[in-house]
Amino acid sequence: MFVSVALDPGSEERAKELADLLAQYGFEKVQRGLWESGLVHPSSLERLKHDIDRLTDAYDRIRIFQYPVEGTLVISSLRDKKWRRLIARPST
């Protein structure tokens with residue numbers, strides 16, 4: 001599965017911590033605040049979300065874009081220490 005992570009950290013220190021974490025999971029930085037990986041297993045993604053949650057506070061904003069998940073695009077966002085999930089389904 002392709003996964004892209006957009007970071008909007010609350011501090012420079014937090015940005016460094018999140019960058020190090022994403023690099024450990026095999027993500028590559030494609031531009032400032034944007035990391036991508038074409039080979040992410042769903043269980044690794046769940047661990048990554050848990051690790052991100054552990055590192056962040058209410059000032060940090062994270063968006064994770066996953067494709068394909070059952071043929072759809074899934075956007076998970078962390079805001080105010082709460083994960084939210086949006087599933088983009090094709091219109092019928």
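In this predicted model, Asp8 sits in strand 1, which covers residues 2–8. This residue is the one to start with, as the unreviewed UniProt entry lists Asp8 under "binding site". Asp8 is neither tucked away nor fully out in the open: its relative accessible area comes to 46%, which makes it partly exposed. Setting aside its neighbours within four places in sequence, Asp8 is in contact with Tyr59, Asp60 and Arg61.

Moving inward, the largest nonpolar core has 16 residues, and Val5, Phe27, Ile52 and Ile62 are the ones that touch the most other members. Strand 1, helix 1 (12–24), helix 2 (42–55) and strand 4 (61–69) are the elements that give two or more residues to this core. The top contributor is helix 1, with four residues. As a rule, nonpolar side chains in soluble globular proteins tend to be buried together. Ile62 shows how the core is knitted up: leaving out neighbours within four places in sequence, its contacts are Val5, Ala6, Leu7, Leu18, Ile52, Ser76, Ser77 and Leu78.

Helix 1 deserves a look of its own. Its 13 residues span 19 Å from the first C-alpha to the last, close to the 18 Å expected at 1.5 Å a residue. Arg14, Leu18, Ala19, Leu21 and Leu22 are the buried residues of helix 1. Viewed down the helix axis, these buried residues fall within an arc of 165°, so they line one face of helix 1. The general geometry behind such patterns is simple: an α-helix has 3.6 residues a turn, so residues three or four places apart point the same way. On the face of helix 1 turned away from the buried side, the exposed residues are Glu12, Glu13, Lys16 and Gln24. The cover over the buried residues of helix 1 includes strand 1, strand 3 (34–37), helix 2 and strand 4. After helix 1 comes Gly26, which has a positive phi, near 90°.

Helix 2 and the loop that follows offer two more buried residues. Asp51, in helix 2, counts as buried because its relative accessibility is 16%, under the 20% cut-off. Beyond residues up to four places away in sequence, Asp51 touches Leu21 and Tyr25; Leu21 is also among the buried residues of helix 1.

Thr56 lies in the loop between helix 2 and strand 4. At 7% relative accessibility, Thr56 also falls under the 20% limit and is therefore classed as buried. Its side chain turns up in two pairings with backbone oxygens: a polar atom of the Thr56 side chain is 3.0 Å from the backbone oxygen of Ile52, and a polar side-chain atom of Thr56 is 3.5 Å from the backbone oxygen of Asp53. Not counting residues up to four places away in sequence, Thr56 touches Arg14, Leu18, Leu78 and Lys81. Two of these, Arg14 and Leu18, are listed among the buried residues of helix 1, while Leu18 and Leu78 also appear among the contacts of Ile62.

Finally, strand 4 holds Pro68. With a relative accessible area of 43%, Pro68 is partly exposed. Pro68 and Phe2 are 66 residues apart along the chain, yet their C-alpha atoms are separated by 7.1 Å.

Definitions and conventions:
Residues numbered from 1 in each chain as written. Predicted model: local features only at pLDDT ≥ 70, side-chain atom pairs only at ≥ 80, totals over all residues. Heavy atoms only, no water. UniProt positions renumbered as here; feature names shortened; annotations may be inferred. Buried < 20%, exposed > 50% of the residue type's maximum accessible area, 1.4 Å probe, protein only. Contact = heavy atoms within 4.5 Å. Core = buried A, V, L, I, M, F, W, Y, C linked by side-chain atoms within 4.5 Å. Expected span 1.5 Å × (residues − 1). Arc of directions from axis to C-beta. Polar contact = N/O pair within 3.5 Å; in protein donor to acceptor, adjacent residues only side chain to side chain.
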